[in-house]
Amino acid sequence: MAKRFIPLTEVSEILDISSAQAYALVRSGELPAIKVGGRGQWRVETSELEDYIQRMYSQTRDFVRAQGDD
């Protein structure tokens, strides 16, 4: 069974970014997450991560189109 939630360390590995960058995405609200447990560990729902990736693809496409043929 696939995991529903993953820690920020896995998010950073999947996106190939630093842990600090993953934390910044969560803190800014760009990547929805929850805090769980007594120590308040951040967890990201895998569907939210997929939604984020799709949004980034869309934003990148829009950016490339806006640049035109230089």
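Which residue stands opposite Arg43 in β3? Select Arg43 in this predicted model and look across to the paired strand, where Pro7 is the residue that stands opposite.

**The sheet**

Extend the selection to strand β1, residues 5-7, and to β3, and you will find that the two run antiparallel and are joined by three bridges. Next add strand β2, residues 34-36, which is likewise antiparallel to β3 and joined to β3 by three bridges. Within this second pairing, Trp42 of β3 is the bridge partner of Lys35, while Val36 stands opposite Gln41. With the three strands shown together, the arrangement is an open sheet in the order β1-β3-β2, with antiparallel pairing. Because β1 and β2 stand at the edges and have a single partner strand each, one side of each is left without a neighbour in the sheet. Viewed along the sheet, neighbouring strands are turned against each other by 45° on average, with direction ignored.

Now show the side chains of β3, residues 41-45, and follow how they alternate along the strand: Trp42 and Val44 point to one face and are buried, whereas Gln41, Arg43 and Glu45 point to the other face and are not buried. Then move to the hairpin of β2 and β3, which has four residues between its strands, and select Gly37, whose phi is positive and near 80°.

**The helices**

Select helix α3, residues 46-67, which lies across β1 and β3 and runs at about 65° to β3. Add helix α1, residues 8-15, which packs with α3 at an angle of about 30°, the two axes being 12 Å apart. At that angle, which is under the 35 degrees cut-off, α1 is therefore roughly parallel to α3. The contact between them is made by Val11, Ile14 and Leu15 on the α1 side and by Leu49, Tyr52 and Ile53 on the α3 side. The crossing in which α1 passes α3 is right-handed.

**The loop after α1**

Step on to Asp16, which lies in the loop between α1 and α2 (19-28). Is Asp16 buried or exposed? Asp16 counts as exposed because its relative accessibility is 70%, the cut-off being over 50%. Check its backbone as well, since most residues other than glycine have a negative phi. Asp16, although not a glycine, has a positive phi of about 55°.

**The annotated span**

Finally, select residues 9-55, where UniProt, in an unreviewed entry, places the feature "domain: Helix-turn-helix". This span is 57% helix and 17% strand, and its end C-alpha atoms lie 21 Å apart.

Technical notes
Residues are numbered from 1 along each chain as its sequence is written. Side-chain values use heavy atoms; hydrogens and water are left out. UniProt positions are given in the numbering used here, feature names are shortened, and annotations may be inferred rather than shown by experiment. Buried means under 20% relative accessible area, exposed over 50%, partly exposed in between (1.4 Å probe, protein chains only). Two strands pair if DSSP finds at least two bridges between them. Axes are lines fitted to C-alpha atoms, for helices over the stretch in contact, and angles run from 0 to 180 degrees between N-to-C directions. Angles under 35 degrees count as roughly parallel, over 145 as roughly antiparallel, 65 to 115 as roughly perpendicular and the rest as oblique. A crossing is left-handed if the near helix is turned anticlockwise from the far one by less than a right angle, and right-handed if clockwise. Contact means heavy atoms within 4.5 Å.
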